[in-house]
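User: I have a model open and would like to go through it with you. Could you take me through the cysteines, the surface and the interior?

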Amino acid sequence: FSWGDWKWLNDVDFSYYDENGKHMGDFKAYTKDLHVGNVPQMTAGLSVSYTLFNNFNIGAQTNYYGKFYADFRPDERNDPEFRGDSWKMPSFCLLDVNADYSFKIGVVTPQIFINVNNILNNKYICDAVDGTGHNASTAYVWYGPGTTWTVGLRIKY
């Protein structure tokens with residue numbers, strides 16, 4: 001479990017240069033007390049595993065992400081009348097499950113495994129960039145993947 005309340009400490013004075021290195025002017029970004037974007041400020045996780053019988057294991061893991069603000073460009077926060085946060089993305093929770101089985105063949109130990117991520121096929125926004133309205137309608141968003149799975153073989157020797 002982690003809880004943060006990460007905010008910009010101050011407004012920022014900065015100089016802007018174009019791609020050729022030409023000084024375009026000096027500006028102020030009004031960022032004081034805005035939540036830092038692009039990172040969930042509250043997370044929680046829980047995992048369990050159980051050995052059903054000799055060398056056969058199953059497990060599950062859940063992760064929760066909250067207080068997640070869209071990323072924003074500080075240099076675009078140049079209006080002293082607007083000091084609002086970027087869009088706060090919806091919180092989400094994911095559930096993953098896994099299983100593995102190991103056995104011996106001479107001096108090697110093969111292990112067959114399967115992982116199923118987001119087994120509940122939750123729809124969620126995993127990343128966002130704040131838009132002009134600082135809301136869901138104007139943000140640029142990236143949706144997280146639905147259910148995915150992996151099957152594999154590990155060989156230990």
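The conversation below goes through these topics in turn.

Analyst: This is a predicted model, in which local features need pLDDT of at least 70, side-chain atom pairs count only at pLDDT 80 or more, and totals for chains, interfaces and linings use all residues. Residues are numbered from 1 along each chain as its sequence is written, and side-chain values use heavy atoms, with hydrogens and water left out.

User: How many disulfides does the structure hold?

Analyst: The structure holds zero disulfides, a disulfide being a pair of cysteine sulfur atoms within 2.5 Å.

User: Why is Cys-126 not bonded to Cys-93?

Analyst: The sulfur of Cys-126 is too far away for a bond, because the closest cysteine sulfur, in Cys-93, is 15 Å from it.

User: Is Cys-93 buried or exposed?

Analyst: Cys-93 counts as partly exposed, at 33% relative accessibility. Cys-126 is also partly exposed, at 31%. Buried means under 20% relative accessible area, exposed over 50%, and partly exposed in between (1.4 Å probe, protein chains only).

User: Changing topic, which residues make the nonpolar surface patch?

Analyst: Tyr-50, Leu-52, Phe-53, Ile-58 and Tyr-101 make a patch of about 490 Å². Patch residues have over 30% relative accessible area and no salt bridge (a side-chain nitrogen of Lys or Arg within 4 Å of a carboxyl oxygen of Asp or Glu); nonpolar side chains (Val, Leu, Ile, Met, Phe, Trp, Tyr) are joined within 5 Å, like charges within 9 Å. Areas come from the Shrake-Rupley method with a 1.4 Å probe, and for residues only the protein chains shown count as cover.

User: Which strand gives the largest share of it?

Analyst: Strand β4 (residues 40-53) does, with three residues. Strands (E, at least two residues) are DSSP runs, numbered from the N terminus. Tyr-50 lies in β4 and is exposed, at 53% relative accessibility.

User: And which residues make up the largest nonpolar core?

Analyst: The largest nonpolar core has ten residues, including Phe-68, Trp-87, Phe-92 and Ala-139. Such a core is a set of buried Ala, Val, Leu, Ile, Met, Phe, Trp, Tyr and Cys residues joined through side-chain atoms within 4.5 Å. Elements β7 (92-102) and β9 (125-129) each give two or more residues to this core.

User: What does Ala-139 contact?

Analyst: Leaving aside neighbours within four places in sequence, Ala-139 is in contact (heavy atoms within 4.5 Å) with Trp-87, Val-129, Asp-130 and Gly-131.

User: Finally, where is Lys-88?

Analyst: Lys-88 is in strand β6 (residues 88-89) and is partly exposed, with a relative accessible area of 45%. Not counting residues up to four places away in sequence, Lys-88 touches Lys-67, Phe-68 and Tyr-69.

Methods
Helix = DSSP H or I, 4+ residues; strand = E, 2+ residues; numbered from the N terminus.
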